[in-house]
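Morning, everyone. Please have a look at the structure while I talk you through its packing and its strands.

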Amino acid sequence: MSFKPDAVDRQLLTALQKNGRTTVGELAELVSLSPSPCWRRVRQLEDRGVIAGYHARLDRKLLGYGVLGFVHLAMHDHTPEKGDAFEREVVALPQILSCHNLSGRFDYQLEVVAQDLEAFAEFVRNNIRGLPGVREISTSFSLKEVKRSYEVPVN
């Protein structure tokens with residue numbers, strides 16, 4: 001189900017993506033509304049699920065995660081049961097920042113953080129290899145993060 005934001009919604013969504021702590025007063029001023037109607041607009045966007053939540057963006061390096069790696073996985077079989085079991089276990093591992101089911105040669109791509117290369121290798125050996133249905137593993141590392149954005153275009 002698609003949502004078509006109007007100009008005010010687009011301004012609100014853009015502002016909140018840049019700073020989720022923007023006050024209703026600041027938002028109201030930005031979109032030329034009084035605070036009450038502005039608050040109602042934001043609340044409607046939340047109720048519709050367009051705004052899915054508010055989060056703090058953390059610096060992984062300052063928290064001791066010096067390695068960002070990508071793990072590509074090919075699966076033995078593609079039954080719904082195996083896929084569900086795999087995905088349940090992946091969701092439970094906090095070192096895995098994202099998991100994508102892919103088209104192409106590999107079935108999944110995981111984005112994984114670790115303190116260093118040794119910790120990354122240990123995590124792959126002890127956790128990834130044992131995931132249900134995994135047949136093949138290929139890893140690569142981020143040498144430099146050029147862009148990371150969580151902002152969705154709201155044109």
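**Cores and sheet**

Let's start with the largest nonpolar core, which has 18 residues. Val71, Leu73, Phe86, Ile96, Leu110 and Ile128 touch the most other members. Keep in mind that this is a predicted model. Which elements give two or more residues to this core? They are strand 1 (67-75), helix 4 (80-91), strand 3 (108-114) and helix 5 (117-128). A second core lies apart from this one. That other core has 13 residues, including Val8, Leu16, Cys38 and Leu45. As background: in soluble globular proteins, nonpolar side chains tend to be buried together.

Now zoom in on leucine 110. Set aside its neighbours within four places in sequence. Leucine 110 is then in contact with Gly69, Phe70, Val71, Leu73, Val90, Ile96, Ser98, Cys99 and Ile128.

Next, the sheet. In what order do the four strands sit? The order is 2-3-1-4, in an open sheet with antiparallel pairing. Strand 2 (96-101) and strand 4 (134-141) are the edge strands, and each pairs on one side only. On average, neighbouring strands are turned by 20° against each other, direction ignored.

Take one pair in detail. Strand 1 and strand 3 are joined over seven bridges, in the antiparallel sense. Look for phenylalanine 70: its bridge partner in strand 3 is glutamate 111.

Last, the helix on the sheet. What does helix 4 lie across? Helix 4 crosses strand 1, strand 2, strand 3 and strand 4. Against strand 3, helix 4 runs at about 20°. Recall that helix 4 also gives two or more residues to the largest core.

Technical notes
Residues numbered from 1 in each chain as written. Predicted model: local features only at pLDDT ≥ 70, side-chain atom pairs only at ≥ 80, totals over all residues. Heavy atoms only, no water. Core = buried A, V, L, I, M, F, W, Y, C linked by side-chain atoms within 4.5 Å. Buried < 20%, exposed > 50% of the residue type's maximum accessible area, 1.4 Å probe, protein only. Contact = heavy atoms within 4.5 Å. Pairing = 2+ DSSP bridges. Axes fitted to C-alpha atoms, helices over the stretch in contact; angles between N-to-C directions.
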